[in-house]
Amino acid sequence: MGYVPGGSVDVLTRAIAKVVSEKIGQSIVIDNRPGASGALALQYVSRAPNDGYTLLTVPGPIIHTQRQPEIGRELAAVALMSQGPIVMVGTMANAPSDLRALIAAMKQHPDRWSFASSGTGTGQHLAGELFNTMAGTAMVHVPYKGGGQAVTDIVGGQVTLGMLGVTPVLSQIKAGQLKAYAVTTRFRIPSLPDVPTMEEAGLKGYDATQFFVAAAPRGIDPAIVAKLNATIAEALQNPEVKLALEASGQVGGHLSPAATQDFVVNSLAKFNALVHTAKIPLN
């Protein structure tokens with residue numbers, strides 16, 4: 001995968017891979033290859049043999065400044081592992097009371113606000129820029145190589161806000177070190193039941209979903225894809241995987257390989273349009 005250990009993509013991949021390994025009777029090695037918002041891992045897997053032994057967890061949506069391997073081109077979708085929200089968090093020091101108060105503070109002092117994400121062009125970055133566009137704010141994006149690395153700086157106040165997956169921030173929210181303002185989906189999540197959605201908190205029409213897809217090099221045998229899709233679907237019903245999904249605020253996927261590919265292509269089209277119309281910088 002293209003991110004450092006500790007973030008949502010890493011935790012979920014490891015939980016699913018453990019169960020899949022047990023089901024197929026073969027060990028699975030997790031290889032973290034962070035860099036360039038996941039592009040290094042995309043390039044590596046796109047050049048790998050298409051024999052079914054090399055897979056990649058692709059988080060999305062991700063928009064790159066330069067053409068990179070994509071699902072539907074150099075990569076084939078295997079399964080939708082999960083989808084769910086990003087959570088907007090901030091340091092507890094002098095924290096506004098709720099999202100409306102936060103937006104008011106951001107408009108009063110627009111130069112004081114920044115937000116961390118797991119990388120430029122990632123779904124977390126795009127969720128933050130969608131927030132800027134809809135709320136009329138101007139928080140500055142601060143990219144990290146993974147969600148886990150951003151948390152310390154947000155807690156310490158070096159970055160004022162974060163748009164991150166639930167996994168790396170959940171314990172800090174529960175411990176009172178981070179304030180959670182809203183989740184980006186239209187539904188609340190069991191692990192943070194008191195945190196409202198963006199729409200409930202006052203930002204009408206806001207909706208941004210983060211997803212995780214298992215992909216393989218293009219040209220893989222459809223029979224292998226079908227078997228992997230079914231095995232991942234079974235793994236998503238495992239109690240340990242369900243706990244990992246719940247903790248990250250994710251919902252397990254139940255799509256065929258073809259439907260998964262359509263899902264990814266349509267999501268990328270939506271956010272490419274946002275980047276174009278809002279003139280969002282991706283460098």
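**View 1. Accessible surface and charges of the predicted chain.** In this predicted model, the accessible surface of the chain (Shrake-Rupley method, 1.4 Å probe) comes to about 12,300 Å², and 53% of that area belongs to carbon and sulfur atoms. The chain carries 21 positive and 19 negative side chains, and the centres of the two sets lie 3 Å apart; Lys and Arg count as positive and Asp and Glu as negative, with His and the chain ends not counted, and each charge is placed at NZ of Lys, CZ of Arg, CG of Asp or CD of Glu.

**View 2. Dimensions of the chain.** The radius of gyration, taken over C-alpha atoms, is 18 Å, which agrees with the value near 19 Å for a compact globule of 283 residues, the rule being 2.2 Å times the number of residues to the power 0.38. Along the principal axes, the C-alpha atoms fill a box of roughly 55 × 40 × 30 Å.

**View 3. The largest nonpolar core.** Of the 283 residues, 53% count as buried, meaning under 20% relative accessible area with a 1.4 Å probe and protein chains only. The largest nonpolar core (buried Ala, Val, Leu, Ile, Met, Phe, Trp, Tyr and Cys residues joined through side-chain atoms within 4.5 Å) has 43 residues, of which M88, L99, F131, L161, M198 and Y206 touch the most other members. A second, separate core of 25 residues includes A15, I62, M81 and A235.

**View 4. Surroundings of L161.** Leaving aside neighbours within four places in sequence, L161 is in contact (heavy atoms within 4.5 Å) with residues including M88, W113, F115, I154 and Y181.

**Notes.** Residues are numbered from 1 along each chain as its sequence is written. Local features need pLDDT of at least 70 and side-chain atom pairs pLDDT 80 or more, whereas totals for chains, interfaces and linings use all residues, and side-chain values use heavy atoms, without hydrogens and water.

Technical notes
Buried < 20%, exposed > 50% of the residue type's maximum accessible area, 1.4 Å probe, protein only.
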